[in-house]
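Colleague: I should like to be guided through this structure by way of questions, beginning with its enclosed spaces and proceeding to the packing of its helices.

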Amino acid sequence: MKNSEMSGSSPFKMRLVHLDLKGAPPKVSYLSEVFPLFHALGANGLLLEYEDMFPYEGHLRLLRAKHAYSPPEIKEILHLATLNELEVIPLVQTFGHMEFVLKHKALAHLREVALFPNTLNPHEAESLALVGAMISQVMELHPGARWLHVGCDEVYYLGEGEASRQWLQQEHNTKARLCLSHIKAVACHVLARHPTTRPLVWDDMLRAIPEDQLSALLMEKYRKCGFLRLWAASAFKGATGASQALTPTEHHLRNNMQWLQVAASGPSDMLQGIVLTGWQRYDHFSVLCELLPVGIPSLAVCLQSLLHGGFAEGVKAKVENFLGISNLEITDFISEGAGTFPGSDILALVTHVSLHLRSSVDTLLERDRYVTGWFSPYHRRQKLIHPVMVQHIQPQALSLLARWSTWAQQLEAALHRVFYPDAVEEWLEENVQPSLRRLQGLLQDLREAVSPSPHAGQDP
């Protein structure tokens, strides 16, 4: 059944899944597995936030990540999207979240504040030329794109650069006007070169702008630049903590249900669609939050609820069928070993590790009576232990380390099937290795405590 036929009860004609590629970008082979699932669940579009995964060329080549997609891979992604009736909207950051650009020494002079790589200086002609070049390269690989998202969210420290301070001293100049003027310049740049492409922009920088300024500068003037309709933006993952490992499905379901209420209360043609955001990092330098396979049950619940107008028992049964989960639990984290969808093995392993690894190590190191009573931090530093206590502590620690090392190897293998090596290394280093190192440290200290000192028994 086509999505156009399925969406009769949904107020959102367009339902886009946001892929945040600035952290743990999936291999194209995995996208080929999940795009059919996205379509089946009710998505009919993708918002692709490439960041440093786009294969920039020429003087922009330095923006590429180590494992950036190649041009043929971009074309393959777009082909896979077309096969699954998913319209692609590329996203290029052009104001805030420019860390992946402005971190480079060659471009650091375009920062709004010299110390921080977050925000582009809107006063420099070179700044608009830079984002224009980025947009041109992205659009070249997305011919015929009906929309281009130009970001512009979280433009931190705007107005704090020296050029901005001087500009703001002039009468009638405000941070709001500064923000809007750059957004307008970018939007008009897009339309001048790609007249059939409409620019989209996040609205968080616009919410605090006084209504009179917003209506005068945006709703009237920007209407000529293509901002004709509004889009909603909810989330299916990546919005509840920078280091969140497991997705709280119920939280995201409530968020999407609220958007259904908003859509029902306004004119039927007001909303073009909804973007279900799935942030992978809070910014370019932050840690990874929930991996895409971990967030798929939440995405399924949210998409199906938006499609059918709620999460009734019948909708729940549909989601369970799509995911291969016998009993979907949205108020708690998905039960371990659940699901047959692409990446469900990663969900099961990540869930087990996240719920039990650290707590099991804590139990041994901080609550076991032999460790706390006879091999405290003081004992470990002094390399002091009663030999009989080694027999109580060492077997437990060795068993625990062996068990978790096996889980870690299984998880590493599963992650490598979906992600590039740097993402696998980062996730394991953040979420697995610290606990394993604590166990290894305990065992090392035990060995050193029972090994006789080379000076033991010698006269002073």
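Modeller: Please bear in mind throughout that this is a predicted model.

Colleague: How many cavities of 30 Å³ or more does a search of the whole structure find?

Modeller: The search covers the whole structure and applies a lower limit of 30 Å³. The largest cavity it finds has a volume of about 70 Å³. The number of cavities found is four.

Colleague: Which strand gives the most to the lining of the largest cavity?

Modeller: The lining includes His18, Leu19, Asp20, Phe236 and Lys237. Two strands, β1 (14-20) and β8 (230-237), each supply at least two lining residues. The greatest contribution, three residues, comes from β1.

Colleague: How many residues of that lining are nonpolar, polar and charged?

Modeller: Among the lining residues are Leu21, Ala24, Pro26 and Leu292, together with Gly23, Gly278 and Gln280. Leucine, alanine and proline count as nonpolar, whereas glycine is placed with the polar residues. The lining of the largest cavity therefore divides into six nonpolar, four polar and two charged residues.

Colleague: Which helices each supply at least two residues to the lining of the second largest pocket?

Modeller: This pocket has a volume of about 290 Å³. Of its 14 lining residues, Ser243, Ala245, Arg358, Glu430 and Asn431 lie nearest its centre. By class, the lining has seven nonpolar, four polar and three charged residues. The helices that each supply at least two residues are α12 and α16 (421-431).

Colleague: Is α12 roughly parallel or roughly antiparallel to α17?

Modeller: Helix α12 (residues 344-367) packs against helix α17 (residues 433-450) with the axes 9 Å apart and an angle of about 25°. Angles under 35 degrees count as roughly parallel. Therefore α12 is, with respect to α17, roughly parallel.

Colleague: What is the handedness of the crossing of α12 and α17, and how many charged residues does their contact have?

Modeller: The crossing is left-handed. On the α12 side the contact includes Arg358, Asp362 and Glu366, while α17 contributes residues including Arg438 and Leu439. Seven residues of this contact are nonpolar and one is polar, and the number of charged residues is four.

Colleague: Is α12 roughly parallel or roughly antiparallel to α15?

Modeller: The axes of α12 and helix α15 (residues 387-418) come within 10 Å and cross at roughly 155°. Angles over 145 degrees count as roughly antiparallel. The arrangement of α12 relative to α15 is therefore roughly antiparallel.

Colleague: How many nonpolar residues does the contact of α12 with α15 have?

Modeller: The crossing of these two helices is left-handed. Residues making the contact include Ile346, Leu349 and Val353 of α12, and Leu400, Trp404 and Trp407 of α15. Five of the contact residues are polar and two are charged, and the number of nonpolar residues is 15.

Colleague: Is α2 roughly parallel or roughly antiparallel to α3?

Modeller: Helix α2 (residues 28-41) and helix α3 (residues 71-83) have axes that come within 10 Å and cross at roughly 10°. With under 35 degrees as the limit for the parallel class, α2 is therefore, relative to α3, roughly parallel.

Colleague: How many residues of the contact of α2 with α3 are nonpolar?

Modeller: Val28, Leu31, Ser32 and Phe35 in α2 meet Glu73, Glu76, Ile77, Leu80 and Ala81 in α3. One residue of this contact is polar and two are charged. The number of nonpolar residues is six.

Technical notes. Residues are numbered from 1 along each chain as its sequence is written. This is a predicted model: local features need pLDDT of at least 70, side-chain atom pairs count only at pLDDT 80 or more; totals for chains, interfaces and linings use all residues. Side-chain values use heavy atoms; hydrogens and water are left out. On a 1 Å grid over the protein atoms alone, a cavity is a set of points where a 1.4 Å probe fits but cannot get out, and a pocket is an open set with protein on both sides within 12 Å along at least five of seven lines; lining residues have an atom within 4 Å of a point. Grid points are joined across faces, edges and corners, and a volume is the space filled by probe spheres set on the points. Helices (H or I, at least four residues) and strands (E, at least two) are DSSP runs, numbered from the N terminus. Axes are lines fitted to C-alpha atoms, for helices over the stretch in contact, and angles run from 0 to 180 degrees between N-to-C directions. Angles under 35 degrees count as roughly parallel, over 145 as roughly antiparallel, 65 to 115 as roughly perpendicular and the rest as oblique. A crossing is left-handed if the near helix is turned anticlockwise from the far one by less than a right angle, and right-handed if clockwise. Contact means heavy atoms within 4.5 Å.
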